[in-house]
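Trainee: I'm new to this one. Could you take me through the spot where the ligand sits?

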Amino acid sequence: METLVTGKSYFELVGAIEADMQCAWEAEGINKVDFEGETSPKRYVLGMFPYPSGNAHMGHILVYSIADCLARLGRFKGMDVLNPIGWDSFGLPAENAAFKNAVHPADWTQKNIEKMRGPQIGRAGFSFSEGTELDTSSPEFYKWTQWLFLKLREHGQVYRANAWVNWDPVDNTVLANEQVINGKGWRSGVPIERRQMEQWYFRITSFAEDLWNGLDQLEGWSDRAIAAQRNWIGRSEGCEIEFPVVGLDDTTVGVFTTRADTIFGVTSLTLAPEHELLDKLVSSEMHDDVTAYVKASILKSEIERQSANEKSGISIGRVAKNPLTGEEIPIFVSDYVLVGYGTGAIMNVPAHDHRDFEFAKLKGLKVRTVIMPSSGETNPYEAFVDDGILVASGDFNGLSNTAARKKIIEHVEAMGTGKSVIRFRLRDWAVSRQRFWGAPIPMMQHQDGKWEPVPLSDLPVKLPKTVDFGAVGGKSPLATSKAFYETVSPTDGSVCRREVDTMDTFMCSAWYAWRFLDVNNDVAPFEIDKSRRWMPIDYYVGGLEHANQHLIYFRYISHFLHSIGCTPRPEPVLNFLDNGMIQKDGAKMSKSLGNVVMPDDIMSRYGADALRFYVMSDTPYERDREWDDSGLAGKQRFLSSVWEMYTSTKEENELRFEPVQPELIDAWSCSLVADLYRLATDTEELCEETQSFHVVVARIHAFSNTLRTAVGEAGTSQRLRVLSFVLQNFLKVLGLFCPHISDRLWRSVFGMSESLFSQPWIPIDDAVLQISSPTLSVTLTVDGKPRRDLTVGAEVSDDELTSLVSMESEELGDLFKGRCIIRTIIVRDKQGLPKLLNVVTSAE
Ligand code: ANZ
């Protein structure tokens with residue numbers, strides 16, 4: 001391995017180089033993690049773990065390339081780095097395959113894991129931490145998923161309720177709200193139906209305020225990721241107001257409104273079809289019609305109901321009283337009012353709400369303007385939804401509507417007929433799934449209906465080997481296994497029936513990050529000390545496509561674990577890197593479109609390094625990008641040229657020096673080394689701070705040109721030492737993206753016995769940077785008159801430049817004596833470099 005195979009090109013050698021290096025890394029254990037280490041800072045990098053479908057795709061390569069770059073950089077910098085991989089291996093495809101091909105989901109899953117671990121993802125040479133792999137469908141993992149269920153229960157986070165649920169008629173299971181996208185199942189893509197069922201729920205809403213406030217701390221998250229979270233949580237400040245029902249003294253209809261300022265414009269109330277008061281309130285004349293209406297609407301999905309072009313609804317034959325005006329208003333039922341939000345009833349203000357306006361048109365209801373636009377003109381054909389001044393609103397006339405909102409809430413509170421409330425769109429998390437391939441819910445039911453938890457000592461509740469996967473009709477296949485569900489209570493020995501539903505598989509990914517810290521722990525899910533040291537995750541990488549749902553659950557579990565002292569911070573992720581999609585012909589790669597480019601095919605043709613370098617180049621990681629074979633070939637040619645440069649430049653032994661900074665004997669040496677240092681410091685900043693990996697790739701290309709020139713110019717043995725130092729260290733930057741070729745050259749060209757990846761980062765000497773940092777001359781003008789030429793670094797920022805000219809400046813302060821600086825203007829040349837700094841002043 002020490003010597004180079006000469007006479008062969010990089011193209012011929014790449015397969016052997018990559019296989020060889022991967023063997024060496026494994027044998028040398030370079031990806032070990034020091035979990036206990038206390039002296040070095042830690043870095044936890046995590047690429048979202050894959051579902052083992054057996055088909056890795058380019059998205060995986062991108063995600064793990066990003067994670068790998070940050071992990072390797074951390075290791076170079078002496079950090080203890082954790083960069084684990086696992087398998088999100090519960091879920092429906094395994095179960096469907098089991099049904100179709102008569103193979104057990106466990107076997108199907110294991111086969112796929114092997115494929116992905118080996119030729120698909122493994123082949124790419126990512127530096128996954130040794131000994132940290134996990135598999136969520138293994139009893140060693142799901143035992144602790146069950147433990148978490150019981151912990152949540154112990155802390156009042158779990159309850160059972162009979163509620164309206166989203167039913168996926170193809171996957172035959174309930175879905176959580178987050179798993180319904182545009183009215184369709186997130187996996188099956190078919191329209192969701194509504195059913196009423198008994199389910200286990202997690203009280204995620206009890207953390208709604210925390211999850212909302214936590215968003216302010218997520219400085220390392222993209223705006224779009226935060227916006228998606230905000231949208232899910234959906235915080236609204238408003239109030240609940242009680243409307244007395246005429247003729248029923250003891251009954252009021254409570255509505256939730258964010259617009260108390262419009263209360264004088266209310267012309268009707270509307271209940272959701274599932275509203276609990278409906279039966280009591282409906283008049284006998286309207287009973288049959290209302291029942292028929294309710295029946296039809298509850299089958300529709302929420303999205304269908306909310307997005308229907310035509311509003312529908314009928315009167316329930318009952319009247320309520322506006323608590324502020326005493327006016328009597330009719331009550332309706334309509335399916336655009338949702339049962340799970342607010343109180344499930346609304347006050348209609350047609351003049352100021354679009355949906356209410358449409359509804360009023362449909363029902364011939366009054367439209368009463370109570371907010372006047374500043375133009376003083378109202379449009380009778382649409383609702384006016386902006387701010388304005390109150391009219392027709394009694395004592396509140398003349399107030400701005402925002403001021404009136406506060407006053408009216410105070411007023412209804414004082415009357416005892418309402419209160420201000422904060423409402424969230426977020427609903428509790430329905431976690432029961434009527435499926436086999438998930439973690440069994442560790443609960444059992446007594447014959448009298450009471451539920452009892454499985455004791456911790458009896459975990460895991462294991463999935464049985466044999467069940468009837470063909471069982472349908474909304475029941476879990478576990479209901480066909482007597483051996484599974486028949487049990488006895490550990491408390492009183494009576495016959496019980498185990499819960500046959502399994503947990504939503506999002507539960508596994510909601511806590512897997514902690515298990516990676518301690519995968520072999522068989523007495524606890526993880527040691528709290530490890531969580532204290534390693535959480536939060538420093539860089540979490542993954543696509544946002546389905547991650548929104550995952551991130552809500554992940555954050556919830558993290559907040560919960562924090563509340564019981566198991567993790568150091570409520571928020572689990574410091575920097576979240578949501579990568580864009582790799583597309584082909586403008587569309588997402590998918591089997592049905594026949595445009596899939598398989599990573600394993602590509603790697604066997606071009607090598608892993610070229611593929612990894614390619615997916616990180618040209619486009620910022622967060623943007624979607626178009627797959628281009630020629631770009632990939634270009635990257636391989638580049639690596640080949642680097643290979644040629646290193647292997648054919650000099651006799652091997654002429655470059656074999658220790659990687660310590662040699663004496664910088666002349667300007668040539670100084671400038672070459674300074675260029676390397678600039679590359680190194682910029683690489684750190686570009687990877688860690690701004691995650692501009694594509695810029696680093698461009699810098700690597702540029703630097704290789706600098707190197708090529710230097711190779712031609714170096715002559716003396718002293719310069720050769722400098723060159724060798726730079727060539728060696730450049731491999732560390734290249735190695736973040738292309739580890740195989742880099743380590744191969746490191747060992748073979750320079751005769752190193754230890755891996756490149758066990759070396760420290762480039763030893764930057766600031767003095768060298770300063771001596772040879774390129775400078776610029778910028779002319780300072782004060783009120784149009786040229787005053788000085790300032791010498792500044794070429795990469796000076798606007799802020800740095802303007803901060804040079806302050807009254808306090810020792811050097812320049814005199815120029816501004818008795819004057820005030822009003823403005824500074826920077827004029828740049830065509831290349832964008834600063835040329836003039838104009839300062840405008842006025843007398844003090
Ligand atoms: C009267 C009103 C007047 C309203 C007006 C709006 C404008 P966000 O901001 O999303 O929280 N609403 C309340 N509960 C509802 C339910 N269960 N289903 C459908 N709509 C419901 O929206 C709050 C507003 O949505 C509430 O304020 C209510 O309509 C409606 F000029 O009350 B509003």
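Mentor: Here's a close look at the ligand and its surroundings. Keep in mind that this is a predicted model, where local features need pLDDT of at least 70, side-chain atom pairs count only at pLDDT 80 or more, and totals for chains, interfaces and linings use all residues. Residues are numbered from 1 along each chain as its sequence is written, and side-chain values use heavy atoms, with hydrogens and water left out.

Start with the neighbours: there are 18 residues around the ligand, and S236, T257, L338, Y341 and H352 come nearest. Being near here means having a heavy atom within 4 Å of the molecule.

Now for the polar contacts, which are pairs of N or O atoms within 3.5 Å; within protein, one must be able to donate a hydrogen and the other to accept it, and residues adjacent in sequence count only if both atoms are side-chain atoms. S236 uses its side chain: an N or O atom there is 2.4 Å from an oxygen atom of the ligand. L338 works through its backbone instead, with an N or O atom 2.7 Å from a ligand nitrogen. R355 brings a polar side-chain atom to 3.4 Å from a nitrogen atom of the ligand.

How much gets covered up? The ligand taken alone exposes 650 Å², and the protein buries 86% of that (Shrake-Rupley areas with a 1.4 Å probe; for residues, only the protein chains shown count as cover). As for secondary structure, strand 11 (252–257) and strand 15 (345–348) are the elements that give two or more residues to the shell around the ligand; strands are DSSP runs of E, at least two residues, numbered from the N terminus.

Terms used:
Helices (H or I, at least four residues) and strands (E, at least two) are DSSP runs, numbered from the N terminus.
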